[in-house]
Amino acid sequence: MPGKNGAEVAKAAWVRLPRLPIVFASGYADTAAIEEVAGPDTLVLRKPFRFDELKIAVAEALRNARLSGS
């Protein structure tokens, strides 16, 4: 993602697909950029994370997308 961070990529994706479920994975302690783009209820995994944590986060994101009408 040359020139863009994950939050900027997500914002661009949501312009085209507003209900696209996204799970952020970040090694940074400060996730202000993510929260600014996606809101405080955004799913963010902190690196390093275990596979089961990723699996749970993806399942939750998909469940939330279905509940919101995607």
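**Figure 1. Glutamate 53 and the salt bridges of arginine 50.** Glutamate 53, with a relative accessible area of 29%, is partly exposed in this predicted model. Its partner in a salt bridge is arginine 50, and the closest N and O atoms of these two residues lie 3.7 Å apart, a distance that satisfies the cut-off of 4 Å used for such pairs. Arginine 50 also forms a salt bridge with aspartate 52, for which the closest N and O atoms are 3.1 Å apart. Aspartate 52 is likewise partly exposed, its relative accessible area being 34%. Through shared partners, the salt bridges join Arg50, Asp52 and Glu53 into one network, and a search of the whole structure finds 2 salt bridges. In general, side chains of opposite charge can pair when their charged atoms come close.

**Figure 2. The aromatic pair of tryptophan 14 and phenylalanine 24.** The structure holds 1 aromatic pair, in which the ring centres of tryptophan 14 and phenylalanine 24 are 6.5 Å apart and the ring planes stand at 75 degrees, so that the pair is classed as edge-to-face; the angle required for this class is over 60 degrees. Because tryptophan 14 belongs to helix H1 (residues 6-16) and phenylalanine 24 to strand S1 (residues 23-26), the pair ties together parts that are 10 residues apart in sequence. Tryptophan 14 counts as partly exposed at 21% relative accessibility, whereas phenylalanine 24 is buried, with a relative accessible area of 7%; the limit below which a residue counts as buried is 20%.

**Figure 3. The largest nonpolar core.** This core is made up of 5 residues, namely Ala7, Ala10, Ile22, Phe24 and Ile34. When residues up to four places away in sequence are not counted, alanine 10 touches Ile22 and Phe24. Phenylalanine 24, a member of this core, is also the buried residue, at 7% relative accessible area, shown in the preceding view. As a general tendency in soluble globular proteins, nonpolar side chains are buried together.

**Figure 4. The protein chain as the setting of the close-ups.** The secondary structure of the chain comprises 3 helices and 2 strands, which follow one another from the N terminus in the order α-β-α-β-α. The chain has 70 residues, of which 20% count as buried, and about 5,300 Å² of the chain is exposed, with carbon and sulfur atoms supplying 58% of that area. Among the contacts between residues at least 6 apart in sequence, 31% join residues at least 24 apart.

Methods:
Residues are numbered from 1 along each chain as its sequence is written. This is a predicted model: local features need pLDDT of at least 70, side-chain atom pairs count only at pLDDT 80 or more; totals for chains, interfaces and linings use all residues. Side-chain values use heavy atoms; hydrogens and water are left out. Helices (H or I, at least four residues) and strands (E, at least two) are DSSP runs, numbered from the N terminus. Buried means under 20% relative accessible area, exposed over 50%, partly exposed in between (1.4 Å probe, protein chains only). Contact means heavy atoms within 4.5 Å. Accessible areas come from the Shrake-Rupley method with a 1.4 Å probe; for residues, only the protein chains shown count as cover. A nonpolar core is a set of buried Ala, Val, Leu, Ile, Met, Phe, Trp, Tyr and Cys residues joined through side-chain atoms within 4.5 Å. Rings of Phe, Tyr and Trp (its six-membered ring) pair if their centres lie within 6.5 Å; planes under 30 degrees apart count as stacked, over 60 as edge-to-face and the rest as tilted. A salt bridge is a side-chain nitrogen of Lys or Arg within 4 Å of a carboxyl oxygen of Asp or Glu.
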